[in-house]
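These are my notes on the model you sent. They are set out as numbered points, to be read beside the coordinates.

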Amino acid sequence: MDIMFKQPQLYRFLQYCNESTLEKNILDCGAGGDCPPLAVFAKEGYKTQGIEIDNVQLERLKNLKISII
């Protein structure tokens, strides 16, 4: 089952991005968390990159296929 975020603004932004002619690249600053929104964009085929400085958050992100700096 896919993870569903209770953040309508995230899905509105995703819809806006999908409807635009821009390249599918996303950069998220503060990209950590239990379930980072970058995962939604990665699933939609976007090239995703995140910036995170907290070591605990970096450990949580190791299993995701998301580029984190």
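1. Accessible areas here come from the Shrake-Rupley method with a 1.4 Å probe. On that basis the accessible surface of the protein comes to about 5300 Å². Carbon and sulfur atoms hold 55% of that surface. Of the 69 residues, 28% count as buried.

2. This is a predicted model, so confidence comes before detail: where pLDDT is low, the predicted coordinates should not be read in detail. The average pLDDT of the protein is 82, and 81% of the residues score at least 70. Among the elements, H1 has the highest mean pLDDT, 92. Strand E3 (residues 67-68) has the lowest, 68.

3. On the fold, the protein has 3 helices and 3 strands. Read along the sequence, their pattern is α-β-α-β-α-β. Taking the contacts with a separation of 6 or more, 39% are between residues 24 or more positions apart.

4. Which residues make up the largest nonpolar core? There are 9: Leu10, Leu14, Cys17, Ile26, Ala31, Leu38, Val40, Phe41 and Tyr46. Helix H1 (8-19) and helix H2 (38-43) each supply at least two residues of this core. As background, nonpolar side chains in soluble globular proteins tend to be buried together.

5. The structure holds 2 aromatic pairs. One of them is formed by Phe41 and Tyr46, with 5.4 Å centre to centre and 90° between the planes. This pair is edge-to-face, because planes over 60 degrees apart are classed that way. Phe41 and Tyr46 are both buried, and both belong to the nonpolar core of point 4. Together with Phe13 they form one aromatic cluster.

6. Is Gln49 of strand E2 (residues 47-51) buried, exposed or partly exposed? Gln49 is partly exposed because its relative accessible area is 30%, and that class covers values between 20% and 50%. Gln49 and Cys29 are 20 residues apart in sequence, while their C-alpha atoms are 8.8 Å apart in space.

7. Glu52 lies in the loop between E2 and helix H3 (55-61). Glu52 has a relative accessibility of 12% and therefore counts as buried, the limit being under 20%. The side chain of Glu52 reaches the backbone nitrogen of Asp54 at 3.1 Å. Glu52 is also one of the residues in contact with Gln57.

8. Gln57 is placed in helix H3. Why does Gln57 count as buried? Its relative accessibility is 18%, and the class takes values under 20%. Neighbours within four places in sequence aside, Gln57 is in contact with Gly32, Gly33 and Glu52.

9. Leu61 lies in helix H3, as does Gln57. Leu61 counts as buried because its relative accessibility is 4%. Its C-alpha is 8.5 Å from that of Pro36 in space, with the two residues 25 apart in sequence.

10. For any figure of this model, I would ask that the pLDDT be shown. The mean of 68 for strand E3 is the lowest among the elements, and the predicted coordinates should not be read in detail where pLDDT is low.

Notes. Residues are numbered from 1 along each chain as its sequence is written. This is a predicted model: local features need pLDDT of at least 70, side-chain atom pairs count only at pLDDT 80 or more; totals for chains, interfaces and linings use all residues. Side-chain values use heavy atoms; hydrogens and water are left out. Rings of Phe, Tyr and Trp (its six-membered ring) pair if their centres lie within 6.5 Å; planes under 30 degrees apart count as stacked, over 60 as edge-to-face and the rest as tilted. Buried means under 20% relative accessible area, exposed over 50%, partly exposed in between (1.4 Å probe, protein chains only). Helices (H or I, at least four residues) and strands (E, at least two) are DSSP runs, numbered from the N terminus. A polar contact is a pair of N or O atoms within 3.5 Å; within protein, one must be able to donate a hydrogen and the other to accept it, and residues adjacent in sequence count only if both atoms are side-chain atoms. Contact means heavy atoms within 4.5 Å. A nonpolar core is a set of buried Ala, Val, Leu, Ile, Met, Phe, Trp, Tyr and Cys residues joined through side-chain atoms within 4.5 Å. pLDDT is the predictor's confidence in each residue, from 0 to 100.
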